[in-house]
Amino acid sequence: MKILRGLLFVIAGVGISLGAVPADPSLVLNLPFEEGSGPLAVDCSPNGLEADLSNVQWATGAFGTALHFGGTNAFIDLPAVPGLNGATQFTLSVWATWEDLSPRRYPNLLTSQTWSPGGLMLFVSDNTCSFRLGRPGERAGVPGNKWTETGASLLNVLPQRQWTHLCVTFNLPHLTTYVNGKPVSRVSWPYPVEAKDLRLGGWFGSVCHNGLLDDLRIYSRALCETEVVNLADASTRVSAIYTLADKSKSAQPLIATFKNRHATLAIDKHGQAVSLRNRTTGRELLAAPQPFVSVRLKDGRQLSARTVTRKGDTLTFSFARNEGSAVIDVDTHRDFFTFTVRSLSLTNAASLTFCTLPVGVTTHRGNMANMLSDDSDAVCLRGYDLPVEMDITGNSLRVWTTEKYGLTGWRAGLAAGPKSEMPAMLRAMAEQSGEPYSKLGGPWSLDAEATRGSSLFAGLYYPSTDDSLET
């Protein structure tokens, strides 16, 4: 067992239980990755956070269980860890192996979703690993900002196919890194941490870690060297040989399949989007299964829906521990799908993400359209109503609502399939949504004679058009 839950002594043939080992109250995140299957890793700290696995495989060996990242589009998104943002003390601990040392940018082991302002990283570049912190509240490359960052070395050469324990302790201003329990680097950093959501296994884009990760821990204090040595105990990690879990045995039955003339969207019984396929070519457009619906609670926790039921074209997504459910209508049109948020029964939700899709076609990125594509296919996920937020994070398209404008009643549209057909799909979406549109802009702009040669854009980066043209 990776976490010692109890001690058992056998004396003269009699078993004597000494009870559970008291939990360390400073342990604010503890992911031992003991599940061995499924799309979820559960935090064993008192915070009880949830981590969503995306294209990550379970691995078993003499070490127990761990998670395997294949080098492309595999990562774990973690919600905000209570107390980490603004911390003046913390400890970060993780076990890792590497399997591919070809130069790549940047297969980080851990990254805060923001870097500049602030941020933290277990940074990997080429054949090295270091820990980095960015200055809170300041942006790099922006006039008037006082951006600085620090780095503390961990590994100058990444060891292949063997377990390595990495640890970082911070007690402002002292930052210390350890490898296999031994101090490696000490630097001074005079600022607290700025870090909210975390991503394990990568940073942005499709590049990710290639190897195993296990037993991620974050403490709200700086552990002493003796405690770090204990965390680095390698007695059960002599071998990094592993067997991957059989994906076919863990695949879940589909609960819903929706088809239009261009694409098929499939959702399994655990509430994951498991397929978005071009109907003409059969090409899979999703990079990996992903929980379709999630909420951010007012206390900072993020929960993903874990089961779904269907009644007609209405899907009810339920959250773990009976915390509530979200009801989403799915309307299938000839060229696109529409999602409408009908209700949300969680009373403490700050935001509701009602569609997330990690996309496998990422050559081209259209932030204004919220679209990812390559030369053959495209996927576009758009909010119809102004209160619906939308963005592209890495390779994921997402739409969500917030408590400020109301969590329910809003809509979004999904168009997917051949890129050559995308303008027509988006025109149909705009016309049938009932929202205002102009036939001089949006999906009509490429063919509109009146806008040819225009240099006007929606961004407010420059005070005047002349300033933008001069750049």
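Salt bridges turn up in many places in this predicted model: a search of the whole structure finds 21 of them. A few are worth walking through one by one.

Take Asp 77 and Arg 199, which form a salt bridge with their closest N and O atoms 2.8 Å apart. Asp 77 sits in strand β8 (residues 75–78) and Arg 199 in strand β17 (residues 198–200), so this pair ties together parts that are 122 residues apart in sequence. How do the two partners fare in terms of being buried or exposed? Asp 77 has a relative accessibility of 22%, and because buried means under 20%, Asp 77 counts as partly exposed. Arg 199, with a relative accessible area of 3%, is buried.

Next up is Arg 261, which forms a salt bridge with Asp 335; here the closest N and O atoms are 2.8 Å apart. This pair, too, links distant parts of the chain, 74 residues apart. Arg 261 belongs to the loop between β20 (254–259) and β21 (263–268), while Asp 335 belongs to the loop between β27 (325–332) and β28 (337–344). Arg 261 is partly exposed, at 38% relative accessibility, whereas Asp 335 comes out as buried, at 9%.

Then there is Arg 283, joined to Asp 377 by a salt bridge whose closest N and O atoms are 2.8 Å apart. Once again distant parts of the chain are linked: Arg 283 is in the loop between β22 (272–278) and β23 (290–291), Asp 377 is in strand β32, and 94 residues separate them. Arg 283 counts as partly exposed, with 30% relative accessibility. Asp 377 is buried, its relative accessible area being 3%.

Salt bridges can also join up beyond a pair: Asp 24, Arg 221 and Glu 227 are linked in a network of them.

Strand β32 comes up again with helix α3, since the buried residues of this helix pack against β31 (371–373), β32 (377–383) and β35 (411–418). Which residues of α3 are buried? They are Met 422, Met 425, Leu 426, Ala 428, Met 429, Ala 430 and Ser 433. An α-helix has 3.6 residues a turn, so residues three or four places apart point the same way.

The length of α3 can be checked as well. The helix has 12 residues (422–433), so at 1.5 Å a residue it should span 16 Å, and the 16 Å between its end C-alpha atoms agrees with that. Right after α3 comes Gly 434, which has a positive phi, near 85 degrees.

Methods: Residues numbered from 1 in each chain as written. Predicted model: local features only at pLDDT ≥ 70, side-chain atom pairs only at ≥ 80, totals over all residues. Heavy atoms only, no water. Helix = DSSP H or I, 4+ residues; strand = E, 2+ residues; numbered from the N terminus. Expected span 1.5 Å × (residues − 1). Buried < 20%, exposed > 50% of the residue type's maximum accessible area, 1.4 Å probe, protein only. Contact = heavy atoms within 4.5 Å. Salt bridge = Lys/Arg side-chain N within 4 Å of Asp/Glu carboxyl O.
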